[in-house]
Every structure is written in C-alpha cells, then in structure tokens.
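User: Could you take a close look at one part of this model for me, starting from the residue close to the front end and working out to the helix packing? I'd like it in one go, with the reasoning spelled out.

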Amino acid sequence: MFENATIDLGHGARLVRNVSGPCQEPERIIGADQGADARMQIRTWPSYEPTQLRSLTDLANQLGIAQLLVKDEGSRMGLGSFKSVGGAYAVVELVRRYLEALTQRVVNTAEIFSGEFRNLLADKVIVSATAGNHGKAVAFGARMCGCQCRIFVHGGVTDDRVQAIEALGADVIVVEGSYDDSVREAAEQALRHDWWVVADTAYDGYTKVPVDIMRGYTLIMDEVIEQLKGEALPTHILVQTGVGSLAAALCAFLQARLGEDRPRFIVVESVKAACLQESFLCGHSTIVSGPHATSMLGLAAGEASALAWPALRTGATAFVTITDGDSAQARHLLAIAHPPVSSGPSGAAGLAGLLRILSSETASQSLNINQHSRILVISTEEDVEALAQPSKTAG
Ligand SMILES: Cc1ncc(COP(=O)(O)O)c(C=O)c1O
C-alpha cells in the first residue's frame, strides 16, 4: 500500500495525496523515446495543427495564482476533443502493421493515405465501443486509411453524438443496455467476423493498441513545452481521468522528459467514478461499481486501464475528486474568460479539480498551491451543447 494523506473537500469530494516520499523510478511504459515516432507521424497528417495554449490572466488573478494555462483540445483536428491524436493514430498503426506484414516491406502513412492500398483495405473493418469522443477518433482514423468502421454505442448515447460519428463515415450500432454491454457486443462481433478492435483501455493480453493511443496523447504535452518557448514550466498540472490513459501518458512523458523538474501531477476524477483514487487508497487496482451517474461522460469509468494504474500510482502527486457542480462552475468560468474557452463537462474537469482544491486552505497548502503557482489544465473537449445553443456561451 502507498502512504497517503486524505483531506475531505465536502460534497463527497476528497483529496488523496501520495506521501510515499520521493517518487519511485518512473514506470517507463510509454517513455519520451517510444512516443517520438507517434508525435512525428501525427505532425505530418494533413489535418494536423497544434491546439492553442491559452494563458487566462484574469481568471488566474481571480483564483489567486500566478498563472493559469489552458491547453484547448476542443479544436483538435476539427473533432472536438483530444481523442483523435490517440484513437486515430492507433488505427493508422494497426493498418500500417498489417500492410507491412502483408507486403514484407516498410510502409509509411503517406502511402496509406494516398489510397495506394485501397484494394487491400476496403473490406477491413475497425470496431470500437464508445460513448462518443473515442468513436469519432476511430472513425476519423478508419476514414483516413480507407477502412470500414463500426462503432457500438449503448442506448443512452445522444443522437448528436451518434450523428457526429456517422458523419465521419462509420456505421453506428446501438446496443441495448449499458456501456459494458456495448463493449461485450463489439468484442463478440469482432471475434466472429475477424474485425479489428481499437479500444482505449488496456487489459491482460490487450496492450498494443492502448500503448499506441497513449503514445499519440504525448503530443499534447510535447506541444505545450514547445509553446512555452523556454518560459518557466508549470508548477502543477491537473488532468481528468476516465480509464486514465490520457493522464498516464502525460505523466509518463513528463517524467521521462523533465525528470525532477516535472510539475506536480494531480489526477482529477468524478466522485461517481473515482477508480484511480480508490485504487491508490487500496494499494491495488480496484473496480468502482456503477452506476457512474455523472454529466462528465468521458470520466464515467469504473475500472482503470491496466497500463494507466501502474504509471499513475507512482507518478501522480495526488488524486482529487469533483462533483458535476464543480464541472459546471469550471465550464462557466472558462466560457466567460478572456479569451473564452469552450469546454464540455469532461473538458472542464481539470479546472474543476483546481477549484475544489482551492476551496480548502489545507488542501491548497498541502499541494503548495499559492500565489506563485503556475498551473496547467487541459480542456479535453469543446462544449457541444453551447455549439448547439449559441446563447448559452454568453452566460
Ligand atoms: C473529453 C474527455 N476528457 C477526458 C477523458 C478521459 O480520458 P481517459 O479515459 O484516457 O482517462 C475522456 C475519455 O473519454 C474524454 O472523452
């Protein structure tokens, strides 16, 4: 078990600090070197552009910190979330490996995108079960490669999300029941028809694709370091987690790239689905039973990825939980900030974690968050609701 210190933050939220002493040797699951190929490749895609890193000075002043940086992933490749650098990259890698095995030569992505292998790929089917953002990323990757794509969703997924996935050329199959039922159905059908599964969580015997996804995610932090242009690094970073792939990727990247100079890393979860915080408290990976009823759909996961847990148990400084109300408040603050940042419920969770910590002097002090802190959060998705109803952004 890791030594921890728990601080009650009210409304069911709490902060759990890792007080095991200096961090153990980082788990080099996806170190900087391994991710370098992924980052280089994604930077060559036709739709690639770095997302904005915004410094929200007024909001930083309001919060009593020196700097608030927001990496705005809502505009990533026109897909509304950070997921495309992971899911789409994993699809491309899957296809590349298949073609290399088939042709017995090195295949590069430009050749795949040019349609040179169209005949070999047209009947290949990529599948995934997802409530939204990951499905768009996978559909986007499949379309770039000229493969078919089937995305399995449960009945609770909104029509908007289904239509967004269909617009990228994928077939959407609605499965009765929960998210877990859609995962099971996708896996069964994939096995029966020899389809390729692209899931963003790792488990025993299924790690290659999730590792690719995590390597793709490292691009986000690589861009941040580039965009800082040698300015002081953030002192703290807060990253929201569902299965933890994004946070683990960024945490491992920062450990490998910056070593002792890395920012304090704070994992943010919904109080309804805090599988990483619970795992940390228990000392082993733990499942949090549902229903994971939260408006932060991307964070509604009861079990951490088998790759995320080992990276975060040593790499994270603390685990904080937040309520849907915290997320709503953070979304609002981002929407009225200068410049404004459009952020959905899961997207604003990093800032919500900061607000929750700042609400407690003890918690802030325990993490050394004060007027000298330079804090980075990632707005992981745009505010789709606000796009549908423009009047809401003003509020
Ligand atoms: C918008 C958004 N933010 C954060 C996350 C969490 O990412 P992960 O599941 O890799 O922890 C997700 C996951 O779907 C998401 O959609």
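Analyst: A residue counts as exposed when its relative accessible area is over 50%, and as buried when that value is under 20%. Keep in mind that this is a predicted model. With those cut-offs, Glu 3 is exposed, because its relative accessible area is 54%. You'll find Glu 3 in the segment before strand 1, which covers 4-10. Exposed or not, Glu 3 does have partners: setting aside neighbours within four places in sequence, Glu 3 is in contact with Arg 17, Asn 18, Val 19, Ser 20 and Phe 280. For a sense of scale, Glu 3 and Arg 105 lie 102 residues apart in sequence and 50 Å apart in space, going C-alpha to C-alpha.

Phe 280 is worth following, since it turns up again in the contact between two helices. Helix 11 (residues 275-282) packs with helix 12 (residues 308-315) at an angle of about 65 degrees, and their axes are 11 Å apart. That angle is why helix 11 counts as roughly perpendicular to helix 12. From helix 11, the contact uses Leu 276, Ser 279 and Phe 280, while helix 12 brings Trp 309, Leu 312 and Arg 313. Sorted by class, the residues of this contact come out as 4 nonpolar, 1 polar and 1 charged. As for handedness, helix 11 passes helix 12 in a right-handed crossing.

Now for another helix pair. Helix 9 (residues 208-227) and helix 10 (residues 245-258) pack with their axes 8 Å apart, at an angle of about 55 degrees. So helix 9 is oblique to helix 10. The crossing of this pair is right-handed. On the helix 9 side, the contact residues include Met 214, Tyr 217, Ile 220 and Met 221; on the helix 10 side, Leu 246, Leu 250, Phe 253 and Leu 254 are among them. By class, the contact of helix 9 with helix 10 has 12 nonpolar, 2 polar and 2 charged residues.

Last stop, a buried residue to set against Glu 3. Gln 41 sits in helix 1 (residues 32-42). Its relative accessibility is 11%, so Gln 41 counts as buried. The side chain of Gln 41 makes a polar contact of 3.2 Å with the side chain of Trp 45. Not counting residues up to four places away in sequence, Gln 41 also touches Tyr 89, Val 92, Glu 93, Arg 96 and Thr 109.

Conventions:
Residues are numbered from 1 along each chain as its sequence is written. This is a predicted model: local features need pLDDT of at least 70, side-chain atom pairs count only at pLDDT 80 or more; totals for chains, interfaces and linings use all residues. Side-chain values use heavy atoms; hydrogens and water are left out. Helices (H or I, at least four residues) and strands (E, at least two) are DSSP runs, numbered from the N terminus. Buried means under 20% relative accessible area, exposed over 50%, partly exposed in between (1.4 Å probe, protein chains only). A polar contact is a pair of N or O atoms within 3.5 Å; within protein, one must be able to donate a hydrogen and the other to accept it, and residues adjacent in sequence count only if both atoms are side-chain atoms. Contact means heavy atoms within 4.5 Å. Axes are lines fitted to C-alpha atoms, for helices over the stretch in contact, and angles run from 0 to 180 degrees between N-to-C directions. Angles under 35 degrees count as roughly parallel, over 145 as roughly antiparallel, 65 to 115 as roughly perpendicular and the rest as oblique. A crossing is left-handed if the near helix is turned anticlockwise from the far one by less than a right angle, and right-handed if clockwise. Ala, Val, Leu, Ile, Met, Phe, Trp, Tyr, Cys and Pro count as nonpolar, Asp, Glu, Lys and Arg as charged, and the others, Gly among them, as polar.
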